[in-house]
Amino acid sequence: MNRKSFIATVGEVYRNQGGGSFLCKAAPDQAGGQIMQNTASKWTFRAQGIGIYEDGSIDWDYSTGGYFQTDDQDQEEEKDVRICPVCEKEVERSDMNFTKDCHGITFRLVCCDCYRRLMAKGYDGEYHTEADEQIEADY
Ligand SMILES: [Zn+2]
């Protein structure tokens, strides 16, 4: 049977090629894959490389980060979406990281993409020394 790579629609339930029904919980994001949930067991995971067959069933290459979701976690997840101060995209807290400045001091919380970009030079922000902060430092 033909299999095409596929992006699931958030809120839609799909039949898995190997059995079971899965609710799509999230659009693809920078971490790749999509959050899918088994409608029966609430097993929730990130499905990587989703494909769809001619009969409308889907499967995926592999999954990561699986856990059983409770209603509590559902609510908490909704609260835990932040705005990245650099790219101003909405990001889940779990996909964010604190950058460090040139002295290794926590600087700000940004998304993983911005973190990689900002920290590529080893620190976030401008390079500064103590001398920049204290005018006429005495030696
Ligand atoms: Zn960002």
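The following exercises, each with a worked solution, concern a predicted model of a protein.

**Exercise 1. Overall layout**

State how many helices and strands the protein has, and in what pattern they follow one another along the sequence.

*Solution.* Begin with the inventory: the protein holds ten strands and three helices. Next, place these elements in sequence order, which gives β-β-β-β-β-β-α-β-β-β-β-α-α. Then consider burial across the protein: 15% of its 139 residues count as buried. Finally, turn to the contacts between residues at least 6 apart in sequence; 31% of these join residues at least 24 apart.

**Exercise 2. The largest nonpolar core**

Identify the residues of the largest nonpolar core and determine which element gives the most to it.

*Solution.* First, list the members. The core has ten residues, namely Ala-8, Tyr-14, Phe-22, Cys-24, Ile-35, Met-36, Phe-45, Ala-47, Ile-50 and Trp-60. Second, assign them to elements: those that supply two or more residues to this core are β3 (21–24), β4 (34–38) and β5 (43–53). Third, rank the contributions; β5 gives the most, with three residues.

As a further step, examine one member, Ala-8. With residues up to four places away in sequence left out, Ala-8 touches Tyr-14, Cys-24, Gln-34, Ile-50 and Ile-58. Apart from the largest core lies another, of five residues, including Val-110, Cys-111, Cys-114 and Tyr-115.

**Exercise 3. The partners of β5**

Describe how β1, β4 and β6 pair with β5, giving the sense of each pairing and the number of bridges.

*Solution.* Take the partners in sequence order.

- Step 1: strand β1 (residues 3–5) pairs with β5 in the antiparallel sense over three bridges. Within this pairing, Arg-3 has Tyr-53 of β5 as its bridge partner.
- Step 2: β4 is also antiparallel to β5, with four bridges between them. Here Gln-37 is matched by its bridge partner Thr-44 in β5.
- Step 3: β5 and β6 run antiparallel and are joined by eight bridges. One bridge sets Arg-46 against Thr-64 in β6.

To complete the picture, ask about exposure: is β6 largely buried or in the open? Strand β6 (residues 58–68) has eleven residues, of which one is buried, so the strand lies largely in the open.

**Exercise 4. Hairpins and their turns**

For the hairpins β4–β5, β5–β6 and β9–β10, give the number of residues between the strands and a turn residue with positive phi.

*Solution.* In the β4–β5 hairpin, four residues separate the strands, and Lys-42 in the turn has a positive phi of about 65°. The β5–β6 hairpin likewise has four residues between its strands, with Gly-56 in the turn at a positive phi of about 90°. In the β9–β10 hairpin, five residues lie between the strands, and the turn residue Gly-104 has a positive phi of about 80°.

The pairing of the last hairpin can now be added. Strand β9 (residues 96–100) and strand β10 (residues 106–111) run antiparallel and are joined by four bridges. Met-96 stands opposite Cys-111 of β10. Cys-111 is also among the residues of the five-residue core.

**Exercise 5. Positive phi outside glycine**

Locate Lys-42 and Glu-88, and explain why each receives its exposure class.

*Solution.* Both are residues other than glycine with positive phi: the value is near 65° for Lys-42 and near 60° for Glu-88. Lys-42 belongs to the loop between β4 and β5. Because Lys-42 has 15 C-beta neighbours inside 10 Å, this residue counts as partly exposed. Glu-88 is placed in the loop between β7 (81–83) and β8 (90–92). With 10 C-beta neighbours inside 10 Å, Glu-88 therefore counts as exposed; the cut-off for that class is 12 or fewer.

**Exercise 6. Two loop residues and their spatial partners**

Determine where Ala-40 and Gln-69 lie, and whether each is exposed or partly exposed.

*Solution.* Ala-40 sits in the loop between β4 and β5. Since 9 other C-beta atoms lie within 10 Å, Ala-40 is exposed. Its C-alpha is 7.8 Å from that of Gly-20, at a sequence separation of 20 residues.

Gln-69 is found in the loop between β6 and α1 (71–79). Having 18 C-beta neighbours inside 10 Å, Gln-69 counts as partly exposed. The C-alpha atoms of Gln-69 and Trp-43 are separated by 6.3 Å, although the two residues are 26 apart along the chain.

Definitions and conventions: Residues are numbered from 1 along each chain as its sequence is written. This is a predicted model: local features need pLDDT of at least 70, side-chain atom pairs count only at pLDDT 80 or more; totals for chains, interfaces and linings use all residues. A nonpolar core is a set of buried Ala, Val, Leu, Ile, Met, Phe, Trp, Tyr and Cys residues joined through C-beta atoms within 7 Å. A residue is buried if 20 or more other C-beta atoms lie within 10 Å of its own, exposed if 12 or fewer, and partly exposed in between; C-beta atoms are placed from the backbone. Two residues are in contact if their C-beta atoms, placed from the backbone, lie within 7 Å. Two strands pair if DSSP finds at least two bridges between them.
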